[in-house]
Amino acid sequence: MTKFVSIGKYFINLEHVLTVTAPDANDRIWIELDSGQTIEAEGKYFSRVIGMKSDISKDE
């Protein structure tokens, strides 16, 4: 089943994620997709992208 998660202004399909960096000193992550595209996002989305947190959150 396809799962999309919100990372701010984008929704990404988790089936296309190849790698995700851990949050860096500036609290940023980089998400590499199978299309070759790399997306930068806030570190607060790390848990969502790796599947450790539900995409439904009241404290966004």
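**Strands, core and individual residues in a predicted model**

Asn13 is found in strand S2, which covers residues 11-13. In this predicted model, Asn13 makes a convenient place to begin. Asn13 counts as buried because its relative accessible area is 15%, below the 20% limit used for that class. Its side chain reaches the backbone nitrogen of Glu15, at a distance of 2.9 Å. When residues up to four places away in sequence are not counted, Asn13 touches Thr2, Lys3 and Phe4.

From this one residue, the view can be widened to the chain. The chain has five strands and one helix, and along the sequence these follow the pattern β-β-β-β-β-α. Of its 60 residues, 25% count as buried. The chain exposes about 4,200 Å², and carbon and sulfur atoms supply 53% of that area. Among the contacts with a separation of 6 or more, 27% come from residues that are 24 or more positions apart.

Next comes the sheet. Three strands form an open sheet in the order S3-S4-S5, and their pairing is antiparallel. Strand S3 (17-20) and strand S5 (38-42) stand at the edges, and each has a single partner strand, so one side of each is left without a neighbour in the sheet. From one strand to the next, the twist averages 25°. Three bridges join S3 to strand S4 (residues 28-33) in the antiparallel sense. To follow this pairing in the structure above, a reader may look at Thr19, whose bridge partner in S4 is Glu32.

The loop between S3 and S4 deserves a look of its own, as it is the place of Asp27. Phi of Asp27 is near 60°, a positive value in a residue other than glycine. For comparison, most residues other than glycine have a negative phi. Asp27 is classed as partly exposed because its relative accessible area is 41%, a value between the limits of 20% and 50% that bound this class.

Attention can now turn to the nonpolar side chains. The largest nonpolar core has eleven residues, namely Val5, Ile7, Ile12, Val17, Ile29, Ile31, Leu33, Ile39, Ala41, Tyr45 and Val49. Strands S4 and S5 each supply at least two residues of this core, and S4 gives the most, with three residues.

Two members of the core help to show how parts of the chain meet. Ile7 is in contact with Ile12, Ile31, Ile39, Ala41, Tyr45 and Val49, leaving aside its neighbours within four places in sequence. Each of these partners is also listed in the largest nonpolar core. Val5, another core member, lies in strand S1, residues 4-6. Val5 is buried, with a relative accessible area of 0%. In sequence, Val5 and Arg48 are 43 residues apart, while their C-alpha atoms are 6.8 Å apart in space.

How values were computed: Residues numbered from 1 in each chain as written. Predicted model: local features only at pLDDT ≥ 70, side-chain atom pairs only at ≥ 80, totals over all residues. Heavy atoms only, no water. Pairing = 2+ DSSP bridges. Helix = DSSP H or I, 4+ residues; strand = E, 2+ residues; numbered from the N terminus. Axes fitted to C-alpha atoms, helices over the stretch in contact; angles between N-to-C directions. Buried < 20%, exposed > 50% of the residue type's maximum accessible area, 1.4 Å probe, protein only. Contact = heavy atoms within 4.5 Å. Areas by Shrake-Rupley, 256 points an atom, 1.4 Å probe, with all protein chains shown as cover. Polar contact = N/O pair within 3.5 Å; in protein donor to acceptor, adjacent residues only side chain to side chain. Core = buried A, V, L, I, M, F, W, Y, C linked by side-chain atoms within 4.5 Å.
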